[in-house]
Amino acid sequence: MKNKILIFSFLMFVIHQLNAQSKIDPATIKNKMQWFADGKLGIFIHAGIYSVNGIDESWSFYNKKISYADYMKQLNGFTLKNYDPSLWADIIKQSGANYCVITTKHHDGVAMFDTKMSDLSIVKSSPAKKDMIQPLFDELRKRDIKCGAYFSLLDWSHHDYPGFLKDSNKYKLADDYERWNKFRLFFQSQIKEISVKLNPDLWWFDGDWEHSAEQWESEKVRNIILANNPKAIINGRLQGYGDYETPEQNIPVSRPKYNWWELCMTINDNWGFQFADKNWKTPYEIITIFTDVISNGGNLLLDIGPKADGTIPDEQIHVLKELGAWNKRNGEAIFNTIAGIPQGHFYGPTTLSKDSTILYLFLQGNISGDISLKGVNNKIEEITVLGNEIKLNHKIVGKISWSSVPGIVFIDVPQNVQDEYVTVLKLKLDKPISLYRGKGGFE
Ligand code: GLC
């Protein structure tokens, strides 16, 4: 019996992996992915009625921390009375982000845009009485920032959405396909509304785990979007029909093998605004994580949670401003670059210019003194510190004249050239980088 259970679990795992595997050929999307690959930084916004009480977005009623009725009462407190989309767009621009993704509908089913498909929207059922997405997209586009729509496929409010784990009152999909068809028509119509009205540059689906690609009709959903905007980018939470991967909160240690990926991460410990959550990540921590991510070929989607009156908390603005100032000083090493050299050559993150003739080294922890770099076959023509253009000296150690194995480069980094957060060194190479990856024998 135990064996049977094990075999069954293994088969389920294999089926899940096969389902999750991307059905999209990377060669066919390479062109449209370019702005995303170059853009590196996005701001994620979790705006929703959960900010009224300051509780978990949707999950609070799912996990029965609050009743569904009380959760929905938050609609009455969602005023947006100080919402200033042009100020939001300014703050996002200042952070250095090139794209922004906002929740158009979370798992609670409350639409943040003007939907004709239901009354459950902040336009029809909250004192805010307005669509918050359209004006933000308009302001972002004025500032050349790409616009992304987060959309939860699953909808724990819709009466035709079938039972989910903790709610046994709802019907089972297998018992009533007609109702499921009604729900499908509903959510796909909302996707059409968003497509036509807001024309997102990027779609950020979520909640695909409750159903399969066939059940969601993922391929059809993808086609609906691409029919309206063939260049739209779709994240990987569409049961295999997305363009890129989305690890969440957890930072990969080794370089992921994906073509494109994006780490989404909260600025404190929660996606939405919560009064009690004061565990803000510092600008230094965010910058360190950001450099780690881009060094491994990914993007960072940094989440903020605005308040129910439409203001962005000061602590969040502070981090975005500091991150932006650092990006300004060091942007050359970040935007429009490619992933750096593999681990082992330098103890820290790196990036490369697109032609690989410039190597950027990110110095974490305010280090100074002699830092080392090994296994680079190139001649280094010049080393400068970004932001102040100070030139640094370097020395090659352990280069044996008759061996092709490169020596170790020691770079003298004085104390007074340090960036406030993470110092970036620019190494101009004689030609595209060539790496020695051998065992150091008589080569
Ligand atoms: C998870 C959660 C959701 C959150 C999302 C952001 O999937 O369900 O609450 O919005 O992550 O990545």
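Q: What share of the 443 residues of the protein chain counts as buried?
A: This is a predicted model, so the figure is computed from predicted coordinates. Buried here means under 20% relative accessible area. Taken over the 443 residues of the protein chain, the buried share comes to 55%.

Q: What radius of gyration does the protein chain have, and what would a compact globule give?
A: The C-alpha atoms fill a box of roughly 75 × 60 × 40 Å along the principal axes. For 443 residues, a compact globule would come out near 22 Å, and the chain's own value agrees with that. That value is 24 Å.

Q: How many helices and strands are there in the protein chain?
A: Both kinds of element are present, and the strands include members of a parallel open sheet and of an antiparallel one. The count for the chain is 14 helices and 15 strands.

Q: Which strands stand at the edges of the parallel sheet, with a single partner strand each?
A: Seven strands make up this open sheet, and their order is 5-4-3-2-1-7-6. The two end strands each have a single partner, so one side of each is left without a neighbour in the sheet. They are strand 5 (233–234) and strand 6 (261–266).

Q: In strand 5, which residue is the bridge partner of W203?
A: Strand 4 (residues 202–206) runs parallel to strand 5, and two bridges join them. W203 has its bridge partner in strand 5, and that partner is I234.

Q: Which strands stand at the edges of the antiparallel sheet?
A: This open sheet has five strands in the order 8-9-10-15-12. Each end strand has a single partner, so one side of each lacks a neighbour in the sheet. The edge strands are strand 8 (338–339) and strand 12.

Q: How many residues of strand 15 are buried?
A: In the order 8-9-10-15-12, strand 15 sits between strands 10 and 12. It pairs in the antiparallel sense with strand 10 (residues 358–363) over six bridges, and five bridges join it to strand 12 (residues 380–385), also antiparallel. Strand 15 covers residues 423–429 and is mostly covered, with a buried count of six of its seven residues.

Q: In strand 15, which residue is the bridge partner of Y360?
A: Y360 belongs to strand 10, where it is also the bridge partner of T351. That link goes with the three bridges that join strand 9 (residues 350–352) to strand 10. Over in strand 15, the bridge partner of Y360 is K426.

Q: In strand 15, which residue is the bridge partner of I380?
A: Strand 12 spans residues 380–385 and runs antiparallel to strand 15. I380 has its bridge partner there, namely L429.

Q: Which residues are the closest to the ligand?
A: The ligand is surrounded by 14 residues. By class, seven of the shell are nonpolar, three polar and four charged. The closest are H46, E57, H106, H107 and E248.

Q: How much of the ligand's area does the protein bury?
A: Start with the polar side-chain atoms: one of H107 lies 2.9 Å from a ligand oxygen, and an N or O atom in the side chain of D206 is 3.0 Å from a ligand oxygen. For E248, the corresponding distance to a ligand oxygen is 2.8 Å. Taken alone, the ligand exposes 310 Å², and the protein buries 94% of that.

Q: Which residue's side chain does D243 join through a polar contact of 2.8 Å?
A: D243 is in the loop between strand 5 and strand 6. At 7% relative accessibility, D243 counts as buried. Its side chain makes the 2.8 Å polar contact with that of R222.

Q: How far apart in space are the C-alpha atoms of F36 and N299?
A: F36 is in helix 3 (residues 34–39) and, at 1% relative accessibility, counts as buried. In sequence, F36 and N299 are 263 residues apart. In space, their C-alpha atoms are separated by 8.0 Å.

Q: Is S58, with its positive phi, buried or exposed?
A: Most residues other than glycine have a negative phi. S58 is not a glycine, yet its phi is about 55 degrees. It lies in the loop between helix 4 (50–53) and helix 5 (59–62), and with a relative accessible area of 0%, S58 is buried.

Note on methods: Residues are numbered from 1 along each chain as its sequence is written. This is a predicted model: local features need pLDDT of at least 70, side-chain atom pairs count only at pLDDT 80 or more; totals for chains, interfaces and linings use all residues. Side-chain values use heavy atoms; hydrogens and water are left out. Buried means under 20% relative accessible area, exposed over 50%, partly exposed in between (1.4 Å probe, protein chains only). Helices (H or I, at least four residues) and strands (E, at least two) are DSSP runs, numbered from the N terminus. Two strands pair if DSSP finds at least two bridges between them. A residue is near a molecule or strand if one of its heavy atoms lies within 4 Å of it. A polar contact is a pair of N or O atoms within 3.5 Å; within protein, one must be able to donate a hydrogen and the other to accept it, and residues adjacent in sequence count only if both atoms are side-chain atoms. Accessible areas come from the Shrake-Rupley method with a 1.4 Å probe; for residues, only the protein chains shown count as cover. Ala, Val, Leu, Ile, Met, Phe, Trp, Tyr, Cys and Pro count as nonpolar, Asp, Glu, Lys and Arg as charged, and the others, Gly among them, as polar. The radius of gyration is taken over C-alpha atoms; the globule rule is 2.2 Å times the number of residues to the power 0.38.
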